[in-house]
Amino acid sequence: CLENWLKEFKLHTPSVKAIILEGSFQQRFDTIMQCIHGTLPADVLITNYELFTMSTEITNGNNEKKELSMAKFVGVNDWDMVVLDEAHYIKNTTAKRTFAVIDSFKDVPYKAIMSGTISANKLHDVHLPTVFLNGGRTFTSTLFTRKRDENGDTYVTPLAAETLNEKFKTQFFNKEGWSFEPKHDTISEFRRKMENDGFLRFEKKECLSLPE
């Protein structure tokens, strides 16, 4: 709940000005523009995943109609840090919001993810949130492809998130029908890689005030 996050900021960091970014496309657009121009001072914008599927039609200077994606608009801003709560919302390779989130914040220097159910249903769901987090470096060092141009010069192109996900599944899973079964030692290797890469896990018994 966005209001809960706002309440926590007020309680624990009252010096930080946090506001909720919600409403229609135009309302969210106007709020971000006010923050950029300093007419609405804010240190933190709290929003939901719905933002990354929103778009509107605009007319450019040549009287051509173009689609303006809220995700692309958000992505051109110079964010210092982005935190994804419920990061399993970007685990699905077929969801529009998954790649919109990953692409929007690929150049942000500081990122964090949080989730209580990141691999509750399928083990391979852990991958795409880490592509958002660090380009997928948690599970592979093969992040680029090398090609030669017509002059024989080599250039490097980052692999798309979809391609990274396909390589990840091939490396760690066997496809059996519609499902992906982990190969031998995949689970222990995942634990080792994630523990060494800045991931923290808390069990319910270690936390406060959680229901049974």
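A residue counts as buried under 20% relative accessible area, as exposed over 50%, and as partly exposed in between. Keep that scale in mind for the views below, which come from a predicted model.

**View 1. Tryptophan 5 sits in helix H1.**
Look for this residue in the helix that covers residues 2–12. Is tryptophan 5 buried, partly exposed or exposed? Its relative accessibility is 34%, so tryptophan 5 counts as partly exposed.

**View 2. Five residues make a nonpolar patch on the surface.**
Here Trp5 joins Met81, Val83, Tyr110 and Met114. Together these residues have about 510 Å² of accessible area.

**View 3. Lysine 175 lies in strand E9.**
The strand spans residues 173–176. Lysine 175 counts as exposed because its relative accessibility is 54%. Which atom does the side chain of lysine 175 reach at 2.5 Å? That partner is the backbone oxygen of glycine 177. Zoom out to find glycine 116, which is 59 residues from lysine 175 in sequence. In space, the two are 26 Å apart, C-alpha to C-alpha.

**View 4. Cysteine 1 and cysteine 35 are too far apart for a bond.**
Why is there no bond between these two? A disulfide needs two cysteine sulfur atoms within 2.5 Å. The sulfur of cysteine 1 has its closest cysteine sulfur in cysteine 35, 20 Å away, so the gap is too great for a bond. The disulfide count is therefore zero by this rule. The two cysteines also have their own places on the accessibility scale: cysteine 1 is exposed at 63%, while cysteine 35 is partly exposed at 22%.

Methods. Residues are numbered from 1 along each chain as its sequence is written. This is a predicted model: local features need pLDDT of at least 70, side-chain atom pairs count only at pLDDT 80 or more; totals for chains, interfaces and linings use all residues. Side-chain values use heavy atoms; hydrogens and water are left out. Patches are made of residues with over 30% relative accessible area and no salt bridge: like charges are joined within 9 Å, nonpolar side chains (Val, Leu, Ile, Met, Phe, Trp, Tyr) within 5 Å. Accessible areas come from the Shrake-Rupley method with a 1.4 Å probe; for residues, only the protein chains shown count as cover. A salt bridge is a side-chain nitrogen of Lys or Arg within 4 Å of a carboxyl oxygen of Asp or Glu. Helices (H or I, at least four residues) and strands (E, at least two) are DSSP runs, numbered from the N terminus. Buried means under 20% relative accessible area, exposed over 50%, partly exposed in between (1.4 Å probe, protein chains only). A polar contact is a pair of N or O atoms within 3.5 Å; within protein, one must be able to donate a hydrogen and the other to accept it, and residues adjacent in sequence count only if both atoms are side-chain atoms.
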